[in-house]
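Here is a short report on a single chain and its ligand. Read it with the structure open.

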Amino acid sequence: MKPVPSSEAANCPPEETQALLDDLVRLAVSLGASTAIPIDCRSIVVEDHLAALCAPPGCPNFGSAASCPPHVGGPPWFRALLAGFHWGIFFKIDLPIQAMTGSQRPAHFRQLHHIAARIEKAAVEWGCAHARAFAGGSCKELFCADVPTCDVVQDGKPCRHPNVARPSMSGFGINVFQLMETVGCSRVSPPARMGPRTHPPSPGWCWSVDDAV
Ligand code: SF4
């Protein structure tokens, strides 16, 4: 795909880019997404204080995986990444709120990681060499709950699940609720038991489309 001049980038993707975005939206829906929407990456809001919520006592997974803080670059890294992208795909899976806290929660979150990774793979194959996917929920609890530690963090080995596990948006300070409002999705309130210092449930996933190929 050819670079998109920034003057064209706001709300009018060039035809070639639009076709790719449409294909990726169709792929997301075919994989189980309830909604998938192209977004201008400049509309993604990144806030340092949201990433700080991962630190104790905010999230029990802090430090447990290579894709969670403090092992990721956080908001500064993500802002620098965003500067190189124009378009992304936001997607979500609609679920009853009980599904976010019940025994099936890990399975639902694994599906979201799976969809994000599949879209990323397709984008790379279709010409966006630097496409990156971001998910929600720590990959340690979702994919490596059967082992005591993350292989990458503990032993410097490759990730055990590189084809499905993706970093959580939380660790980069991405304002998911703002993102949902931007794309016109209904806002979901966190269950009361989650408490004020806990991240809201991640109802959607963001995937960034590289325009620099
Ligand atoms: S090895 Fe497991 S915990 Fe570590 S980054 Fe990969 S999926 Fe996550």
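Along the sequence, the elements run α-β-α-α-β-α-β-α-α-α-β. That makes seven helices and four strands. Helices (H or I, at least four residues) and strands (E, at least two) are DSSP runs, numbered from the N terminus. Residues are numbered from 1 along each chain as its sequence is written. The model is predicted: local features need pLDDT of at least 70, side-chain atom pairs count only at pLDDT 80 or more, and totals for chains, interfaces and linings use all residues.

**Confidence.** pLDDT is the predictor's confidence in each residue, from 0 to 100. The chain averages 84, and 81% of the residues score at least 70. Residues 190-213 fall below 50. Residues 1-10 stay under 50 as well. Where pLDDT is low, the predicted coordinates should not be read in detail.

| Element | Mean pLDDT | Rank among elements |
|---|---|---|
| β4 (residues 204-210) | 41 | lowest |
| α6 | 98 | highest |

**Core.** Of the 213 residues, 39% are buried. A buried residue has 20 or more other C-beta atoms within 10 Å of its own, with C-beta atoms placed from the backbone. A nonpolar core joins buried Ala, Val, Leu, Ile, Met, Phe, Trp, Tyr and Cys residues through C-beta atoms within 7 Å. The largest such core has 46 residues, and L24, A28, I89, I119 and I174 have the most contacts inside it. Two residues are in contact if their C-beta atoms, placed from the backbone, lie within 7 Å. Elements that each supply at least two core residues include α1 (15-30), β2 (85-92) and α7 (176-183). The largest share, six residues, comes from α4. In the whole chain, residues 24 or more positions apart make 78% of the contacts with a separation of 6 or more.

**Helix α4.** Does its length fit or depart from what is expected at 1.5 Å a residue? The 21 residues of α4 (residues 105-125) should span 30 Å, and the end C-alpha atoms lie 31 Å apart, which agrees. The expected span is 1.5 Å times one less than the number of residues. Buried positions of α4 include F109, H113, R118 and E120. Just after α4, G127 takes a positive phi of about 120°.

**Ligand shell.** Which residues come nearest the ligand? Of the 14 around it, they are C139, C144, C150, C159 and A165. A residue counts as near if its C-beta atom, placed from the backbone, lies within 6 Å. The shell divides into nine nonpolar, two polar and three charged residues. Here Ala, Val, Leu, Ile, Met, Phe, Trp, Tyr, Cys and Pro count as nonpolar, Asp, Glu, Lys and Arg as charged, and the others, Gly among them, as polar. Helix α5 gives the most, three residues. Both α5 (139-143) and α6 (151-155) supply at least two.

How values were computed: Buried ≥ 20, exposed ≤ 12 C-beta atoms within 10 Å, placed from the backbone.
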